[in-house]
Amino acid sequence: MQNKEHFNWIDVLKGLGIILVILGHIRLSPELINYIYLFHMPLFFFISGYLMNISKYNSMGQLVKKKTRTLLIPYITFSAISIICYSVIGHKDIDVSATVLSIIEGKRNEIYFNVPLWFLVGLFVVEMMYYIQKKLLKNDILLLILAILINYIAVVFLKVIETPNWIWSIDTAMYYLLYYQLGNLFRVYKNKIDFNKMFNKVAVGIFIFLCISFNLLSLVSPDLINYVYNYLDVNNKFLVIRLIAFAISGIVTYVCLAMYIKKSTMLEYIGKNSLIIFALHWPIGIWALDMLKVQMQIQIVHSNALAIIELIIILLILRPIIKIINNNFPIILGRGDFFGTPK
């Protein structure tokens, strides 16, 4: 029963996260888009870290084999689907050499036929990094310090926020490793806090209050967000602290929200199918809507109400595709073979 409850809230959290991802890619107001971009990808790396049970893997080879199946195969198959959609739905010409290079490199923001797919190779790299560090360093505090240092290097020296350019999004993986590790630490320690002690109750309560307050401030104060995104130089030594503060406040807020909701049929459905929605909302949902707007001569504008309607339409468009993939092609998700036999 405890395991079932665990997956209820984590699926709700994944559902909330993927909704934020879609909203961040359609025409919300710029202020809300900036708010979402402060934490939505750190949230997904946090969730991935929470779901990682590193004790299951006795060797690096085991991990590589499993993650090739669950991350790299979906990356390749969804890339192929996206290229077809790019050509058929978008009526675009395909440059074969540029397309192959884009798939091989897997750079953040440079997979032109489906930009979000970088996450799959980026997550693969993060998980390899984390496994190696976990085997070399047994102390969680040292691991956390190292992750913060790597995050600092990625932001200040590699300038990953402005110009990510390493193959397989390795520089981006260095930035998100911290949030993956925080997710894994949360998995390990969340049930070890003794809430019978008043000090623990007060300390955790104050931390959650500050995070939620800061997150709400980010939401209602666009000037604060614009200051971070538009006026801070990447070399500013305080930028790393500010980015981490924004990301953690968003993560804590939505983790608390998911735990409060606990069970939601709609959000759990979206969460359980978050990989398909994440991979296909851009080449199928968004492109289909844009083509429809062009055909109907609808003016494209930024509107929060319109964005919610577009979100619902995209999820409805993807619903039959989700069913087809789950029932007939689970290999795409790393869950079966080409004949649909579960693994």
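# A guided tour of an all-helix chain

Begin by selecting Lys192 and Tyr189, where Lys192 lies over the face of Tyr189, at 5.4 Å from the ring centre. Bear in mind throughout that the model is predicted. For a second charge placed in this way, select Arg319 together with Tyr269: here Arg319 lies over the ring face, 4.9 Å from the ring centre.

**The whole chain**

Now show the full chain as a cartoon, in which 14 helices and zero strands make up the secondary structure, so that the pattern read along the sequence is α-α-α-α-α-α-α-α-α-α-α-α-α-α. If you colour by accessibility, buried residues come to 48% of the 343 residues in the chain. Among contacts with a separation of 6 or more, 77% are between residues 24 or more positions apart.

**Aromatic rings**

Display the side chains of Phe, Tyr and Trp next, since the structure holds 23 aromatic pairs. Select Phe39 and Tyr254 among them: their ring centres are 5.1 Å apart and their planes stand at 20°, so the pair is stacked, the limit for that label being under 30 degrees. Phe39 belongs to the loop between α2 (30-37) and α3 (40-51), whereas Tyr254 belongs to helix α11 (residues 239-261), and the pair therefore ties together parts that are 215 residues apart in sequence. Are these two residues buried or exposed? Phe39 is buried, with a relative accessible area of 0%, and Tyr254 is also buried, with a value of 13%.

Move from there to Tyr175 and Tyr179, whose ring centres are 6.1 Å apart with planes at 65°, so that this pair counts as edge-to-face. The two tyrosines are four residues apart in helix α8 (residues 170-189), a spacing that separates them by about one helical turn, and both Tyr175 and Tyr179 are buried. Extend the selection to Phe44, Phe45, Trp118, Phe119, Tyr176 and Phe278, which together with Tyr175 and Tyr179 form one aromatic cluster.

**Helix α4 and its two partners**

Hide the rings and select helix α4 (residues 60-88) with helix α5 (residues 96-105), which pack at an angle of about 150° with their axes 11 Å apart. That angle makes α4 roughly antiparallel to α5, and α4 passes α5 in a right-handed crossing. To see the contact itself, show the side chains of Tyr75, Ile76, Ser79 and Ile83 on α4, and those of Thr99, Ser102 and Ile103 on α5.

Keep α4 in view and add helix α6 (residues 118-136); the axes of α4 and α6 come within 9 Å and cross at roughly 170°. The two helices are therefore roughly antiparallel to each other. On the α4 side the contact is made by Met60, Leu63, Val64, Lys67, Thr68, Leu71, Leu72, Pro74 and Tyr75, and on the α6 side by Leu120, Val121, Leu123, Phe124, Glu127, Met128, Tyr131 and Ile132. Tyr75 is listed in this contact as well as in the contact with α5.

**From α6 to α8**

Drop α4 and bring back α8, and look along the crossing with α6: the axes of α6 and α8 come within 8 Å and cross at roughly 65°, and the crossing is right-handed. Which residues of α6 meet α8? They are Trp118, Gly122, Leu123, Val125, Val126, Glu127, Met129, Tyr130 and Gln133, and facing them in α8 are Ile170, Thr172, Ala173, Met174, Tyr176, Leu177, Tyr180, Gln181 and Asn184. Trp118 and Tyr176, both part of this contact, are also members of the aromatic cluster.

**Two partly exposed residues**

Select Leu144, which is found in helix α7 (residues 140-157) and, at 27% relative accessibility, counts as partly exposed. Leaving out residues up to four places away in sequence, Leu144 touches Leu178, Gln181, Leu182 and Leu185. Leu144 and Leu185 are 41 residues apart along the chain, with their C-alpha atoms separated by 9.2 Å.

Finish at Ile248 in helix α11, which at 23% relative accessibility likewise counts as partly exposed. Apart from neighbours within four places in sequence, Ile248 is in contact with Tyr179, Leu182, Phe207 and Cys211. Add Leu43 to the selection as a last step: Ile248 and Leu43 are 205 residues apart in sequence, yet they lie 8.4 Å apart in space, C-alpha to C-alpha.

Conventions:
Residues numbered from 1 in each chain as written. Predicted model: local features only at pLDDT ≥ 70, side-chain atom pairs only at ≥ 80, totals over all residues. Heavy atoms only, no water. Phe/Tyr/Trp six-rings, centres within 6.5 Å; stacked < 30°, edge-to-face > 60°. Buried < 20%, exposed > 50% of the residue type's maximum accessible area, 1.4 Å probe, protein only. Lys NZ or Arg CZ within 6 Å of the ring centre and 35° of its normal. Axes fitted to C-alpha atoms, helices over the stretch in contact; angles between N-to-C directions. Parallel < 35°, antiparallel > 145°, perpendicular 65-115°, else oblique. Left-handed = near helix turned anticlockwise from the far one by under 90°. Contact = heavy atoms within 4.5 Å.
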